[in-house]
Amino acid sequence: MAKGVNKVLLLGNVGKDPEIRATTGGTTVASFSLATADRQKDQTGAWQDKTEWHNLVAFNRTAEIVRDYVKKGTQLYIEGKIQTRSWDDKESGQKKYRTEILVNELTLLGGREGGGAGGGGGRSNTASFDRAPAPQTGGDDFGGQGITDDDIPF
């Protein structure tokens with residue numbers, strides 16, 4: 001059987017402050033929810049927003065970053081994989097299921113709180129995305145290319 005692909009990319013906002021705990025082995029675990037939004041036209045032509053909620057789990061260093069920097073409303077870019085867990089409910093005996101996103105890569109988006117009109121920026125917990133440093137604001141020249149702030153369309 002060929003190898004499959006299980007990859008999730010999400011861009012959304014944290015629904016409530018993350019829950020942080022540690023396993024008996026000392027592994028830090030962060031659990032939190034992320035809301036993603038989609039906009040579609042309904043039958044009358046009016047735009048309707050639909051919010052989808054995702055359960056996320058992060059471990060080790062990623063969980064520490066979540067603990068230190070993520071709170072309700074934080075905008076995140078997430079890369080991870082889908083996992084469904086099952087267990088027997090102690091009270092009813094029914095089999096319960098929970099689908100979660102295991103976070104492999106987390107990038108904080110938006111400016112720092114109280115940092116003015118910050119945009120972009122971010123923090124990644126892994127080096128899998130080698131990003132070039134952001135250009136200095138107010139600089140006249142970008143990388144010796146002769147490109148000025150006036151040449152950028154946004």
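**Entry 1. Surroundings of T36**

Which residues does T36 touch, not counting residues up to four places away in sequence? I looked this up in a predicted model and found L10, L11, G12, K50, T51, E52 and H54. T36 itself belongs to strand β3. I then asked whether T36 is buried or exposed. Its relative accessible area is 16%, and the limit for a buried residue is under 20%, so T36 counts as buried. For the side chain of T36 I noted a polar contact of 2.9 Å with the side chain of H54.

**Entry 2. Overall layout and confidence**

I next recorded the secondary structure of the protein chain, which has one helix and six strands. Along the sequence these elements follow the pattern β-β-β-β-α-β-β. Of the 154 residues, 25% count as buried. Taking contacts between residues at least 6 apart in sequence, I noted that 51% join residues at least 24 apart.

I checked confidence before reading further. The average pLDDT of the chain is 79, and 71% of the residues score at least 70. Where does pLDDT stay under 50? It does so over residues 114-143, for which the model has 40 contacts beyond four places in sequence. Where pLDDT is low, predicted coordinates should not be read in detail. I therefore take no detail from residues 114-143, where pLDDT stays under 50.

**Entry 3. Helix α1**

Which residues of helix α1 are buried? For this helix, residues 60-69, I listed T62, A63, I65 and V66. Because these residues cover an arc of only 155° around the axis, they lie on the same side of α1. I then looked up what the buried residues of α1 pack against, and found β2 (19-22), β3 (28-41), β4 (47-59) and β6 (95-108).

N60 is also found in helix α1. I noted a positive phi of about 55° for N60, although it is not a glycine. Most residues other than glycine have a negative phi. With a relative accessible area of 44%, N60 is partly exposed.

**Entry 4. Nonpolar core**

How many residues does the largest nonpolar core have? I recorded 18, and those with the most contacts inside the core are F32, L34, L56, V66, L76, I78 and L106. The elements giving two or more residues to this core are β1 (8-14), β3, β4, α1, β5 (75-88) and β6. The largest share, four residues, comes from β6. In soluble globular proteins, nonpolar side chains tend to be buried together.

I followed one core residue, L34, outward. Leaving aside its neighbours within four places in sequence, L34 is in contact with L10, G12, N13, V14, E52, W53, H54, L56, L76 and I78. I noted that L10, G12, E52 and H54 are also among the residues that T36 touches.

**Entry 5. Salt bridges**

I counted nine salt bridges and looked at some of them individually.

- The side chains of K50 and E52 form one of these, at 4.0 Å from N to O. K50 is exposed, with a relative accessible area of 54%, whereas E52 is partly exposed at 38%.
- K96 and D89 are joined through their side chains at 3.9 Å, N to O. Both partners are partly exposed, K96 with a relative accessible area of 32% and D89 at 22%.
- E100 and R98 meet at 3.1 Å, N to O. E100 is buried, at 6% relative accessibility, and R98 is partly exposed at 31%. Salt bridges that share partners join R85, R98 and E100 into one network.

**Entry 6. Q40 and the β3 strand**

My last query concerned Q40, which is found in strand β3. Which residues does Q40 touch, not counting residues up to four places away in sequence? I found A46, W47 and Q48. The side chain of Q40 makes a polar contact of 3.2 Å with the side chain of D38. I also recorded the separation of the C-alpha atoms of Q40 and K50, which is 7.9 Å for residues ten apart along the chain. K50 had already appeared in my notes as a salt-bridge partner of E52 and as a contact of T36.

Key. Residues are numbered from 1 along each chain as its sequence is written. This is a predicted model: local features need pLDDT of at least 70, side-chain atom pairs count only at pLDDT 80 or more; totals for chains, interfaces and linings use all residues. Side-chain values use heavy atoms; hydrogens and water are left out. Buried means under 20% relative accessible area, exposed over 50%, partly exposed in between (1.4 Å probe, protein chains only). The arc is that of the directions from the helix axis to the C-beta atoms. Contact means heavy atoms within 4.5 Å. A polar contact is a pair of N or O atoms within 3.5 Å; within protein, one must be able to donate a hydrogen and the other to accept it, and residues adjacent in sequence count only if both atoms are side-chain atoms. A nonpolar core is a set of buried Ala, Val, Leu, Ile, Met, Phe, Trp, Tyr and Cys residues joined through side-chain atoms within 4.5 Å. pLDDT is the predictor's confidence in each residue, from 0 to 100.
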